[in-house]
Amino acid sequence: MCATLVLGGCAIHQTVKPVAKLEGRQVCVIESPAVRAGFIEAYKRSLATKGYTVRQLPASASITECPTTSTYSANWRWDLAMYMAFAEIKVYSNGQLAGQAQYDSLRGGANMNKFIDADRKIDELVNQLFPGGAGS
């Protein structure tokens, strides 16, 4: 029983509520200066791979600035090496939450699966968040 509790405490959680059909092919991404620049670059590449055009907006922009807008947050931790410990992407359609993806390894403790390649994890989240891609 103790082993179950310890391993349960080392869980990595990922939840995705996919986006339904969106208006158009443009996704406006509101910049988050507190997050490493590599995250937004990987996010924009992933969206482009799905057929979307990306318009980067400043941090001061509103979620209603474009028909489809996205925000993101992420942070990294050190445990033998730097790793992305948390990531969240939210997608809004006309100012309403249309989809959300969250990866959380903050309670990953001894779980070595937390040492993921951040770019690949972002690709995975985007593929699950936008299952059909642009125009689907």
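## Two buried cysteines

Cys28 and Cys66 are both buried. In this predicted model, the two residues form a disulfide, with 2.0 Å between their sulfur atoms. The bond joins distant parts of the chain. Cys28 sits in strand E2, residues 26-30. Cys66 lies in the loop between strand E3 (53-57) and strand E4 (68-78). The two cysteines are 38 residues apart.

A disulfide is a covalent bond between the sulfur atoms of two cysteines. What is the handedness of the disulfide of Cys28 and Cys66? The torsion about the S-S bond is about -80 degrees, so the disulfide is left-handed. A search of the whole structure turns up one disulfide.

## Overall layout

The protein has three helices and six strands. From the N terminus, the order of elements is α-β-β-α-β-β-β-β-α. Of its 136 residues, 40% count as buried.

Contacts reach across the sequence. Take those between residues at least 6 apart: 69% of them join residues at least 24 apart. The exposed surface comes to about 7400 Å². Carbon and sulfur atoms supply 53% of that surface.

## The nonpolar cores

The largest nonpolar core holds 26 residues. Phe39, Tyr43, Leu47, Ile89 and Phe130 have the most contacts inside it. Six elements are named as giving two or more residues to this core, and they include both helices and strands. The helices are H2 (37-49) and H3 (118-129). The strands are E2, E4, E5 (82-93) and E6 (96-104). Helix H2 gives the largest share, five residues.

Another core lies apart from this one. This second core has five residues, among them Cys28, Leu57, Ala61 and Cys66. Both cysteines of the disulfide therefore belong to the second core, where every member must be under 20% relative accessible area to count as buried.

## Phe130 and its partners

Which residues does Phe130 touch, leaving aside those up to four places away in sequence? The list is Val19, Leu22, Tyr43, Leu47, Lys50, Tyr52 and Val91. Two of these contacts, Tyr43 and Leu47, also appear with Phe130 among the residues with the most contacts in the largest core. Phe130 has a relative accessible area of 1%, so it is buried.

Tyr52 is also an aromatic partner of Phe130. Their ring centres are 5.1 Å apart. The planes meet at 55 degrees, and the pair is tilted. Tyr52 lies in the loop between H2 and E3, and Phe130 in the segment after H3. The pair links parts of the chain 78 residues apart. Tyr52 has 8% relative accessibility, so it counts as buried.

## Aromatic pairs and a cluster

The whole structure contains three aromatic pairs. One of them joins Tyr43 and Tyr72. Is this pair edge-to-face or stacked? The ring centres are 6.5 Å apart and the planes stand at 65 degrees, so the pair is edge-to-face. Planes over 60 degrees apart count as edge-to-face.

Tyr43 is in helix H2 and Tyr72 is in strand E4, so the pair ties together parts 29 residues apart in sequence. Both tyrosines are buried. Phe39 joins Tyr43 and Tyr72 in one aromatic cluster. Phe39 and Tyr43 are also listed among the residues with the most contacts in the largest core.

Methods
Residues are numbered from 1 along each chain as its sequence is written. This is a predicted model: local features need pLDDT of at least 70, side-chain atom pairs count only at pLDDT 80 or more; totals for chains, interfaces and linings use all residues. Side-chain values use heavy atoms; hydrogens and water are left out. A disulfide is a pair of cysteine sulfur atoms within 2.5 Å. Helices (H or I, at least four residues) and strands (E, at least two) are DSSP runs, numbered from the N terminus. Buried means under 20% relative accessible area, exposed over 50%, partly exposed in between (1.4 Å probe, protein chains only). A nonpolar core is a set of buried Ala, Val, Leu, Ile, Met, Phe, Trp, Tyr and Cys residues joined through side-chain atoms within 4.5 Å. Contact means heavy atoms within 4.5 Å. Rings of Phe, Tyr and Trp (its six-membered ring) pair if their centres lie within 6.5 Å; planes under 30 degrees apart count as stacked, over 60 as edge-to-face and the rest as tilted. Accessible areas come from the Shrake-Rupley method with a 1.4 Å probe; for residues, only the protein chains shown count as cover.
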